[in-house]
Amino acid sequence: MTPKEVLALCREKNVKAVDLRFMDFPGLWQHFTIPVDKLTEDIFEDGLGFDGSSIRGWRAINESDMLVVPQPETAVLDPFSALPTLSMICNIQDPITREDYSRDPRNVARKAVNYLKNTGIGDTCYIGPEAEFFIFDDVRYDQTANSGYYFLDSIEGQWNRGREEKPNLGYKLRYKEGYFPVPPADQMMDIRNEMMQTMIECGMNVETQHHEVATAGQSEIDLRFDDLVTIADKMMMFKYIIKNVARKHGKTVTFMPKPLYGDNGSGMHTHISIWKGSEPLFAGSGYAGLSDHGIHAIGGILKHAPALCGICNPTTNSYKRLVPGFEAPVNLAYSQQNRSAAVRIPMYSQNPKAKRLEFRCPDPSCNPYLAFSAILMAAIDGIQNKIDPGEPLDKDIYDLDPEELKDVPQTPGSLDEALKALRADHEFLLRGDVFTPDVIDTWIWYKTVHEVQAMQLRPHPYEFCLYFDI
């Protein structure tokens with residue numbers, strides 16, 4: 001869509017407001033809104049000014065002026081606002097130099113794609129994310145100097161089997177048995193269908209929706225793969241739609257990786273393939289139908305996986321999901337079909353165009369622009385340096401005896417460990433000026449101060465169960 005076509009769409013649909021959206025550094029959408037008559041063709045070139053110092057992880061107050069530059073191809077009619085509103089995703093620029101801002105996550109993703117092209121390896125990176133989430137009926141939490149708690153509830157939750165509901169109809173999903181019961185046990189189907197249909201009406205290509213393994217409304221909706229920047233854009237609209245449809249029904253959604261104790265957490269298994277023209281570069285005659293490029297891409301992802309976790313699993317809560325015994329893989333191995341491996345080669349189709357890698361560690365708390373870019377950069381490094389991933393591990397890794405398991409590397413055990421791995425291993429991200437040193441340093445600083453240290457300073461409620469009577 002061109003700027004002229006956006007303006008024509010506004011007239012055709014009687015749009016009254018234009019919502020301008022962009023991504024902050026940690027990964028939340030931000031926005032401001034202008035009357036539709038203030039949207040001109042010039043704005044698509046000149047941008048609009050705003051205060052960048054108020055955005056998390058961005059500029060200091062003495063250098064706060066920045067520009068949002070709307071991208072017309074991202075225009076979509078907002079499905080929730082009462083006033084007819086058109087939304088667009090924006091790039092961020094310095095108003096003096098007109099350079100794209102290094103800490104704008106969308107800019108990092110655009111540079112990653114350009115770097116792929118400049119290497120000559122390929123020209124397109126396709127990403128297919130499978131984001132999981134929980135739909136809850138009630139959420140309360142707080143942390144003060146003398147108290148700290150959270151409370152979650154769901155009509156589906158197994159803990160509500162004996163609750164007085166007048167009447168309690170008894171359809172409560174047992175822990176780890178939420179995959180794939182039909183209604184009435186699956187009580188979220190109509191809501192997920194509405195989420196799916198809203199996405200379709202917003203121009204998104206949805207492949208499937210279903211209940212996930214955990215009790216209490218865990219769900220998944222899968223988008224069809226798309227090029228890296230476009231799918232990251234769509235993931236932000238994906239979250240926006242899911243949260244707002246839930247709110248419309250008096251429910252709430254979280255993309256926290258591990259909101260519930262004792263049941264499966266929410267991951268975002270991420271499929272990646274690299275193409276050159278019409279040629280899928282990962283398809284070949286090797287193990288699981290992979291080419292040398294495909295094998296070496298696995299080598300790069302596994303080699304850099306601890307550092308990748310610092311970006312793809314970027315919350316302290318992420319490491320309550322990345323533990324043995326659940327579906328999240330903690331052992332850095334690869335295998336065809338095997339869901340206990342960090343990298344899986346799906347075997348649903350023997351069509352070379354379907355050949356891809358599935359990196360199973362990431363979770364939906366990540367910033368998709370940064371996470372997808374980091375995974376691509378690791379794959380490129382593997383291809384360029386012909387990194388050997390070793391032999392595949394086709395056994396159920398969780399059932400291996402300690403002797404077999406001792407030589408299999410593992411994901412970091414905490415966000416602190418992952419950030420230290422990122423600090424030690426990020427040269428591959430700096431190539432092509434994709435992730436600048438400033439981006440890496442700011443990311444590690446922000447996560448350490450605002451999340452790692454913030455958690456370390458606060459007593460945990462369960463510590464009182466363990467230690468109060470000492």
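Buried residues make up 55% of the 470 residues in this chain, where buried means under 20% relative accessible area, exposed means over 50%, and partly exposed lies in between (1.4 Å probe, protein chains only). The model is a predicted one: local features need pLDDT of at least 70, side-chain atom pairs count only at pLDDT 80 or more, and totals for chains, interfaces and linings use all residues. Residues are numbered from 1 along each chain as its sequence is written, and side-chain values use heavy atoms, with hydrogens and water left out.

**The chain as a whole**

The secondary structure comes to 14 helices and 18 strands; helices (H or I, at least four residues) and strands (E, at least two) are DSSP runs, numbered from the N terminus. With a radius of gyration of 23 Å, close to the 23 Å that the globule rule gives for 470 residues, the chain is as compact as a globular protein of that length. That radius is taken over C-alpha atoms, and the rule is 2.2 Å times the number of residues to the power 0.38. Along its principal axes, the C-alpha trace spans about 65 × 60 × 50 Å. Among contacts between residues at least 6 apart in sequence, 68% join residues at least 24 apart, a contact being heavy atoms within 4.5 Å.

**The core and helix 7**

In soluble globular proteins, nonpolar side chains tend to be buried together. Here, the largest nonpolar core has 120 residues, and Leu 39, Met 195, Phe 238, Ile 301, Leu 357 and Phe 435 touch the most other members. Helix 5 (residues 228–248) gives this core its largest share, 13 residues. Such a core is a set of buried Ala, Val, Leu, Ile, Met, Phe, Trp, Tyr and Cys residues joined through side-chain atoms within 4.5 Å.

Leaving aside neighbours within four places in sequence, Ile 301 is in contact with several residues, including Leu 308, Leu 357 and Phe 359. Leu 308 is also one of the buried residues of helix 7. That helix (residues 305–312) has 7 of its 8 residues buried, so it is largely enclosed by the rest of the structure.

**The loop between strand 9 and helix 4**

Gln 158 sits in the loop between strand 9 (148–153) and helix 4 (189–201), and at 11% relative accessibility it counts as buried. A polar atom of the Gln 158 side chain lies 2.6 Å from the backbone nitrogen of Tyr 175. Beyond four places in sequence, Gln 158 touches Lys 172, Leu 173, Arg 174, Tyr 175 and Thr 215.

This loop also holds Pro 167 and Phe 180. A cis peptide bond joins Lys 166 to Pro 167, with omega about 5 degrees, and the bond from Tyr 179 to Phe 180 is cis too, with omega near 0 degrees.

**Positive phi outside glycine**

Two residues with positive phi that are not glycines are set out here.

| Residue | Phi | Loop | Relative accessible area |
|---|---|---|---|
| Asn 14 | about 55 degrees | between helix 1 and strand 1 (17–23) | 43%, partly exposed |
| Ala 216 | near 65 degrees | between strand 10 (206–211) and strand 11 (218–223) | 0%, buried |

**Two helix residues**

Leu 9, in helix 1 (residues 3–12), is buried at 17% relative accessibility. Not counting residues up to four places away, Leu 9 touches Met 1 and Leu 86. Glu 194, in helix 4, is partly exposed, with a relative accessible area of 21%. Outside its neighbours within four places, Glu 194 is in contact with Val 245, Lys 248 and His 249.

Terms used. Polar contact = N/O pair within 3.5 Å; in protein donor to acceptor, adjacent residues only side chain to side chain.
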